[in-house]
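Let's take a walk through this structure together, starting from a single helix and working outwards. Please have the sequence and the 3D view open as you read.

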Amino acid sequence: MESEERINILIVDDSPTNLLALEAILSGPDRSIVSASSGDEALRYLLDNEVAVILMDVYMPELDGLQTAELIRGRDRSRDIPIIFLTADSTGGRHLSRGYSLGAVDYIVKPVEPDILRSKVAVFVELFKKTQEVKRQAELLHQKNLELENANLARLTMLIQLGQELAAEHEPFALLEKFCRSARRIVGAQQAAVGLLNGEDHNLHYYFRCGPTDNDVTRNGPLVSQKALDLLIKHRRPLRLTEYDRLLTASDPVESPRCFLGAPILSTSGVYGWLYLLNKANAEEFSEADEHLAATMATQVGISFENAKLYSDAQRHAAALQLEMAERRQTEEENARLLVLEQAARAEAEQANRTKDEFLATLSHELRTPLSAILGWTHLVRTGKLEEAQIARAFETIERNARSQSQLIDDLLDVSRIITGKLQIELRPVDLSSVIEAATDAVRPAFETKAITFETVVDPKPSLVMGDANRLQQIFWNLFSNAVKFTPQGGHVCVEVKRNNRQVEVAIVDSGIGISPDFLPYIFDRFRQADGSTTRVHGGLGLGLAIVKHLVQLHQGKVDVKSDGINAGARFRVVLPLASAVPAETQLEGVVEKSGNGSALDAPQVLSGLKILVVDDEADSRELVMAILTRCGSEVKCTISAAEALQAVRSWDPDVLVSDIGMPNEDGYQLIKRLRKLKSKRAKEIPAVALTAYATDEDRANALTAGFQVHVAKPIEAEVLVKSIASAVGRKG
């Protein structure tokens with residue numbers, strides 16, 4: 001270690017007197033005594049500093065010596081620092097075993113014997129010095145190895161680059177110039193020269209020499225003794241010479257080189273030429289490694305020069321002609337390809353633009369139509385001039401149109417999930433007959449209103465498929481609704497279910513308006529409708545069949561359609577694979593349950609006695625939730641922000657929290673996280689219901705992960721809300 005470096009010794013004791021005494025005992029010119037009055041102070045110092053040894057009092061307030069040692073051992077940086085415990089407990093029995101388990105190297109009983117303490121600390125100081133010296137030596141060795149490795153790697157890289165440059169060069173003199181400059185730089189010589197001989201009389205045919213600067217070049221002939229070059233040609237192996245060799249002595253002593261390295265350039269017929277380098281930079285002579293490198297480069301330049309000489313002229317003309325032809329052909333092909341792509345892109349863009357305009361117009365119409373009915377009947381109800389029957393009709397119309405809008409939004413969300421690849425299904429054994437029965441019940445009011453004969457012919461054998469019951473019901477509800485929608489008054493719809501050993505086939509045949517042959521290929525495309533005009537008879541967004549196709553594909557099935565044309569009806573067919581080897585006890589799993597006639601709202605005291613805190617920044621939503629919950633016997637308090645909600649939790653002590661997710665400043669996720677971090681056990685365990693318009697499966701998962709027990713999607717359905725709250729608090733809804 002260098003003399004100016006000082007060794008740190010850390011003393012940890014809560015007694016200033018002890019610290020001064022220990023510092024006086026251990027002080028030395030090569031030591032820096034660092035005092036810490038607590039375990040926390042010692043830990044902070046060890047974050048950024050190295051010490052040779054730690055002397056630590058066992059008994060200290062707050063964080064004692066053993067606890068501090070345990071934390072020191074838990075850090076990678078300080079794990080191996082030796083620790084000597086100081087204690088006034090002469091027995092030390094109850095600390096001894098634990099101290100050694102934490103890495104203590106010794107115990108010293110107070111009062112401390114100075115000579116003993118010095119000798120023990122000196123051992124670790126010397127050990128630290130030697131360790132640091134070993135580290136320094138290892139680092140120096142690593143740096144030397146790294147420098148050598150980098151030098152070899154740099155030479156190899158330059159050699160590879162030189163090979164690439166020579167392979168790309170076909171002009172002989174230019175090739176020699178590149179090679180000469182690179183050879184001088186790679187070997188580290190002050191000068192380099194390369195010469196190629198005439199094959200018949202061994203006279204110099206090509207020659208190039210370069211010096212330390214770019215301007216120091218010549219083609220006039222070698223500067224070294226011809227005897228040295230003749231020796232290269234004769235023995236056909238590399239040659240190294242120093243200034244003491246007579247072969248290297250020139251006629252003019254001023255021109256005599258300090259050292260010489262030459263290598264013959266060989267071909268199949270003999271010596272093809274030579275390479276020589278003069279005066280190794282930063283060395284008295286060239287090394288054996290330089291000799292091997294020169295031999296490698298001589299072989300490299302010989303091959304490259306021969307190729308350049310043989311093919312330079314012919315290759316230049318042929319390459320130029322070929323390049324011109326290739327460029328012309330490529331330009332023509334590229335122009336033709338770009339023209340085709342431009343035409344296709346233009347047609348696609350025009351079609352997409354038309355489809356977008358039609359869809360936006362349809363979407364506006366489909367959203368505004370039920371909205372008009374809702375707003376109109378709401379205005380009439382508020383006048384107070386309607387009879388009881390008209391009021392009932394108004395509420396029925398408002399509810400029906402609101403559900404229609406909700407279905408439109410659900411379809412848009414499903415299409416968005418399909419486009420982004422986020423629509424997923426949960427597979428389990430499902431009885432397809434029960435699914436079809438449930439879907440039939442769902443459309444029953446529609447076909448009874450139009451006096452349509454709706455016939456189902458189902459195979460009596462169980463038709464079990466691996467699928468998602470809700471998504472399967474969505475498939476057949478869409479197909480049944482379409483059949484009823486496009487079948488005129490008094491028409492006929494038949495649903496036939498057949499099965500074989502491997503699959504089940506469901507056919508939906510109607511006597512409706514049919515499908516034109518021109519539109520049949522696009523029937524399952526998103527946003528495509530046979531009649532998108534303002535005079536169309538049937539509404540809708542043109543999304544249902546696209547959703548059906550994607551859901552069927554997710555179930556490893558297929559769907560197709562046939563129609564003989566306008567007013568000839570249509571036949572949709574869904575084919576799904578049967579579930580294989582399903583145990584008997586699971587055969588009825590997945591059957592779609594029909595909702596009962598009972599309603600949670602029929603039991604007005606289902607939430608009786610509960611104090612419910614509602615958090616929502618939308619006034620209309622707050623009032624609706626409050627009206628529903630107070631009707632069910634609960635006491636309700638409303639707040640408009642997360643901050644108000646937390647204050648209400650502390651002061652009002654609610655039994656249930658019902659919170660919106662999307663709110664300004666702090667959303668529902670932040671509210672539930674802050675609530676769960678409160679010290680109150682009540683706040684940590686209070687049931688929480690997320691009531692939100694973020695209604696995707698991902699949103700539901702996020703809400704449950706954040707700390708909500710239940711996720712309820714808007715628009716608010718009173719029965720669903722009441723049942724969800726009852727479930728959250730453990731009551732039967």
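A good place to begin is the outward-looking side of helix α13, where D620, E623 and R631 are exposed. Keep in mind that this is a predicted model. The helix itself covers residues 619-631, and its 13 residues reach 18 Å from the first C-alpha to the last, close to the 18 Å expected at 1.5 Å a residue. Opposite the exposed side, S621, R622, V625, I628 and L629 are buried. These buried residues lie on the same side of α13 because they cover an arc of only 135° around its axis. The spacing follows a familiar pattern: an α-helix has 3.6 residues a turn, so residues three or four places apart point the same way.

What do the buried residues of α13 pack against? Their partners are the strands β19 (611-615), β20 (635-639) and β22 (688-692), together with helix α18 (718-729). Just after α13 comes G633, with a positive phi near 95°.

Those strands lead us to the sheet. Five strands form an open sheet with parallel pairing, in the order β20-β19-β21-β22-β23. At the edges stand β20 and β23 (710-713), each with a single partner strand, so one side of each has no neighbour in the sheet. On average, neighbouring strands here are turned by 20° against each other, direction ignored. For a closer look at one pair, β22 and β23 are joined in the parallel sense over four bridges, and A690 stands opposite H711 in β23.

Two more helices lie across this sheet's strands. Helix α14 (residues 642-652) crosses β19 and β20, running at about 165° to β19. Helix α15 (residues 668-676) lies across β19, β21 (656-659) and β22, at about 155° to β21.

Now let's turn to the nonpolar cores. In soluble globular proteins, nonpolar side chains tend to be buried together. The largest nonpolar core in this model has 41 residues, and L432, F476, L479 and F480 are those with the most contacts inside it. Two or more residues each come from α10 (432-449), α11 (469-485), β15 (492-499), β16 (503-510), α12 (544-554), β17 (558-562) and β18 (570-577). Which element gives the largest share of this core? That is α11, with eight residues. Beyond its neighbours within four places in sequence, L479 is in contact with I508, L545, V548, F572 and V574. A second, separate core has 32 residues, including L176, F179, A294 and V301.

Notes. Residues numbered from 1 in each chain as written. Predicted model: local features only at pLDDT ≥ 70, side-chain atom pairs only at ≥ 80, totals over all residues. Heavy atoms only, no water. Expected span 1.5 Å × (residues − 1). Buried < 20%, exposed > 50% of the residue type's maximum accessible area, 1.4 Å probe, protein only. Arc of directions from axis to C-beta. Contact = heavy atoms within 4.5 Å. Pairing = 2+ DSSP bridges. Axes fitted to C-alpha atoms, helices over the stretch in contact; angles between N-to-C directions. Core = buried A, V, L, I, M, F, W, Y, C linked by side-chain atoms within 4.5 Å.
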